[in-house]
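This report walks through a single protein chain for a reader who has not met it before. Please look over the sequence and the model shown here before reading on.

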Amino acid sequence: MQTLIVFTNLPDAAGAQALARLLVEQRLAACVNILAPCHSVYRWQDKMESAIEVPMLIKTTAERYNALEAAIRAHHPYELPEIVAVPVECGLPDYLAWVAAQTAP
């Protein structure tokens, strides 16, 4: 089973904590790392923007990705949230098996 790391950012720690709990409770993620706030610079609707955001690293499987994406979109405050999935090429087999077991429907 293909393991993925999904990246997203929330505008604050409370929102990140709430989303992380929801994703793990619904077995859409085995683990979510909530990182330290960062400064993001981007163009949005033809304007340069700058914001403090809270990055999240979400461990899941390709099988659960569509449901995970839907849950993030449903609970994310941004009109267009960053949701980017990166496949895990290799990793500790026992850890990858744990991710698969924790996200089994």
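## A residue in strand 1 and its surface patch

Phe-7 lies in strand 1, which covers residues 3–10. In this predicted model, Phe-7 has a relative accessibility of 32% and therefore counts as partly exposed, since that class holds the values between under 20%, which is buried, and over 50%, which is exposed.

Together with Val-84 and Val-86, Phe-7 makes a nonpolar patch of about 210 Å² on the surface.

## Overall fold and dimensions

The chain is built from 3 helices and 5 strands, and when these elements are read from the N terminus on, their order is β-α-β-β-β-α-β-α.

Along the principal axes, the C-alpha trace of the chain spans about 45 × 25 × 25 Å. For 105 residues, a compact globule would be expected to have a radius of gyration near 13 Å, and the 14 Å of this chain agrees with that expectation. Of the 105 residues in the chain, 33% are buried.

## The aromatic pair in helix 3

A pair of aromatic rings is described by the distance of the centres and the angle of the planes. The structure holds 1 aromatic pair, and its rings belong to Tyr-95 and Trp-98, with centres 5.5 Å apart and planes at 35 degrees, so the pair is classed as tilted.

Both residues sit in helix 3, which runs over residues 93–102, and because they are 3 residues apart there, about one helical turn separates Tyr-95 from Trp-98. Tyr-95 counts as partly exposed because its relative accessibility is 32%, and Trp-98, at 35%, also counts as partly exposed.

## Cysteines without disulfides

A disulfide is a covalent bond between the sulfur atoms of two cysteines. How many disulfides does the structure hold? The count is 0, and the distances around individual cysteines can be followed one by one.

For Cys-38, the closest cysteine sulfur is that of Cys-31, and because it lies 18 Å away, the two are too far apart for a bond; the cut-off for a disulfide is 2.5 Å between the sulfur atoms. Cys-90 is likewise in no disulfide, with the nearest cysteine sulfur, again that of Cys-31, at 18 Å.

As for their surroundings, Cys-38 has a relative accessible area of 27% and is therefore partly exposed, whereas Cys-90, with a relative accessible area of 67%, is exposed.

Definitions and conventions. Residues are numbered from 1 along each chain as its sequence is written. This is a predicted model: local features need pLDDT of at least 70, side-chain atom pairs count only at pLDDT 80 or more; totals for chains, interfaces and linings use all residues. Side-chain values use heavy atoms; hydrogens and water are left out. Patches are made of residues with over 30% relative accessible area and no salt bridge: like charges are joined within 9 Å, nonpolar side chains (Val, Leu, Ile, Met, Phe, Trp, Tyr) within 5 Å. Accessible areas come from the Shrake-Rupley method with a 1.4 Å probe; for residues, only the protein chains shown count as cover. A salt bridge is a side-chain nitrogen of Lys or Arg within 4 Å of a carboxyl oxygen of Asp or Glu. Helices (H or I, at least four residues) and strands (E, at least two) are DSSP runs, numbered from the N terminus. Buried means under 20% relative accessible area, exposed over 50%, partly exposed in between (1.4 Å probe, protein chains only). Rings of Phe, Tyr and Trp (its six-membered ring) pair if their centres lie within 6.5 Å; planes under 30 degrees apart count as stacked, over 60 as edge-to-face and the rest as tilted. The radius of gyration is taken over C-alpha atoms; the globule rule is 2.2 Å times the number of residues to the power 0.38.
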